[in-house]
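Before you read these notes, please take a moment to look over the sequence and the model together. The points are meant to be read slowly, with the structure open beside them.

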Amino acid sequence: MASGEEDGTVEEKETNNKKRTKGAIATAWLTIYNIAMTAGWLVLAVAMIRFYLQKGTHKGLYRSIARILKFFQTLALLEVGHCAIGIVRTSVIVTGVQVSSRIFMVWFITHSIRQNEQSVILFVVVWTVTEITRYSYYTFNLLKHLPYFIKWARYNMFIVMYPLGVVGELLTIYAALPYVRRSGMYSLRLPNTYNVSFDSYYFLIIVMLSYIPLFPQLYFHMLRQRRRVLHGEIIMEKEE
């Protein structure tokens, strides 16, 4: 009987050690990832400020920072993997929708289609401010040293930034519609080998309409997180 109990204790310790090791590796990886992403979006912000100070205009700004933006935004696909394997406790669906919508903007709209640069700059500036705040929050949180102003910024700035970003994205897609309709870009006409037709013009309209149900869901998701994090802290402080 004693031997069986000892064997069980040893197995339990080994299991706990494996869990701690995996947890430490995951934390180390997430810390490195978030530091890299914070640095990347800071580089993007500095590049935009430098361009505007040198040129005195936003015209041509997007082209100057496009490579950096595409690289770091595409790198965010790793976050879907983080959710899928369980090292981050966030919905795979919510993360997937957010990341894929941005990938769509930088690779299929701004990369390939003549767009209204003012609206592009609007959502790029919003993304940059939001991501610097978000990745800084994750980094300091993982390091167990989170300044309150970063937490405050993380759960308050989105109230304005998120709608502004959506406006910029929608205006950019809308500005692309005439060119897409004239050029037939990404469209597939019949007859063809696959016997399938696809009209990118109407697809973009569907994408724009999809913001109607998706935006409120994501926005209220953030509002719920805000109440949980900020209001929960206030209650605890009152109890103390």
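The numbered points below go from the overall chain to single residues and their partners.

1. Please keep in mind throughout that this is a predicted model. The chain has eight helices and zero strands, and, read from the N terminus on, its elements follow the order α-α-α-α-α-α-α-α.

2. On burial and surface, buried residues account for 37% of the 240 residues in the chain. The accessible surface of the chain comes to about 15100 Å², and 64% of that surface belongs to carbon and sulfur atoms. As for contacts within the chain, if we take those between residues at least 6 apart in sequence, 73% of them join residues at least 24 apart.

3. Helix H4 (residues 92-109) is a good place to practise checking a helix against its expected length. At 1.5 Å a residue, the 18 residues of H4 should span 26 Å, and the C-alpha atoms at its ends are 24 Å apart, which agrees. At the start of H4, a side-chain oxygen of Ser-91 comes to within 3.2 Å of the backbone nitrogen of Ile-93. The buried residues of H4 include Val-94, Gly-96, Val-99, Arg-102, Phe-104 and Ile-109.

4. The structure holds four salt bridges. One of them joins Arg-134 to Glu-79, with the closest N and O atoms 3.3 Å apart. This pair links distant parts of the chain, since Arg-134 sits in helix H5 (residues 117-142) and Glu-79 in helix H3 (residues 78-85), with their positions 55 residues apart in the sequence. Both residues are buried, Arg-134 as well as Glu-79.

5. A second bridge to look at is the one in which the side chains of Arg-102 and Glu-131 meet, at 3.0 Å from N to O. Here too the pair links distant parts of the chain, with Arg-102 in helix H4 and Glu-131 in helix H5, 29 residues apart. Arg-102 has a relative accessible area of 14%, and it counts as buried because that value is under 20%. Glu-131 is likewise buried, at 4% relative accessibility.

6. Which residue of helix H5 meets Arg-134 in a salt bridge at 2.9 Å, N to O? The partner is Glu-131, and the two residues lie three apart in helix H5, about one turn of the helix. Arg-134 has a relative accessible area of 13%, so it is buried. Taken together, Glu-79, Arg-102, Glu-131 and Arg-134 are linked in a network of salt bridges, which is worth tracing from one residue to the next in the viewer.

7. Leu-204 lies in helix H8 and, at 4% relative accessibility, counts as buried. Leaving aside its neighbours within four places in sequence, Leu-204 is in contact with Phe-104, Ile-109, Ile-173, Leu-177 and Val-180. For Val-180, the separation from Leu-204 is 24 residues in sequence and 9.1 Å in space, taken from C-alpha to C-alpha.

8. Asn-156 is found in a loop, the one between helix H6 (148-154) and helix H7 (158-183). Is Asn-156 buried or exposed? With a relative accessible area of 13%, Asn-156 is buried, because the value falls under 20%. The side chain of Asn-156 reaches the backbone oxygen of Trp-152 at 2.8 Å. If residues up to four places away in sequence are not counted, Asn-156 touches Arg-226 and Leu-230.

9. Finally, please look at the outside of the model, where Trp-107, Phe-108, Tyr-186, Leu-188, Tyr-194, Val-196, Phe-198 and Phe-203 form a nonpolar patch on the surface, with about 790 Å² of accessible area together. One of these residues, Leu-188, has its place in the loop between H7 and helix H8 (200-239). Leu-188 has a relative accessible area of 35%, so it is described as partly exposed, a class that lies between the 20% limit for buried and the 50% limit for exposed.

Methods: Residues are numbered from 1 along each chain as its sequence is written. This is a predicted model: local features need pLDDT of at least 70, side-chain atom pairs count only at pLDDT 80 or more; totals for chains, interfaces and linings use all residues. Side-chain values use heavy atoms; hydrogens and water are left out. Helices (H or I, at least four residues) and strands (E, at least two) are DSSP runs, numbered from the N terminus. Buried means under 20% relative accessible area, exposed over 50%, partly exposed in between (1.4 Å probe, protein chains only). A polar contact is a pair of N or O atoms within 3.5 Å; within protein, one must be able to donate a hydrogen and the other to accept it, and residues adjacent in sequence count only if both atoms are side-chain atoms. Contact means heavy atoms within 4.5 Å. Accessible areas come from the Shrake-Rupley method with a 1.4 Å probe; for residues, only the protein chains shown count as cover. Patches are made of residues with over 30% relative accessible area and no salt bridge: like charges are joined within 9 Å, nonpolar side chains (Val, Leu, Ile, Met, Phe, Trp, Tyr) within 5 Å. The expected span of a helix is 1.5 Å times one less than its number of residues.
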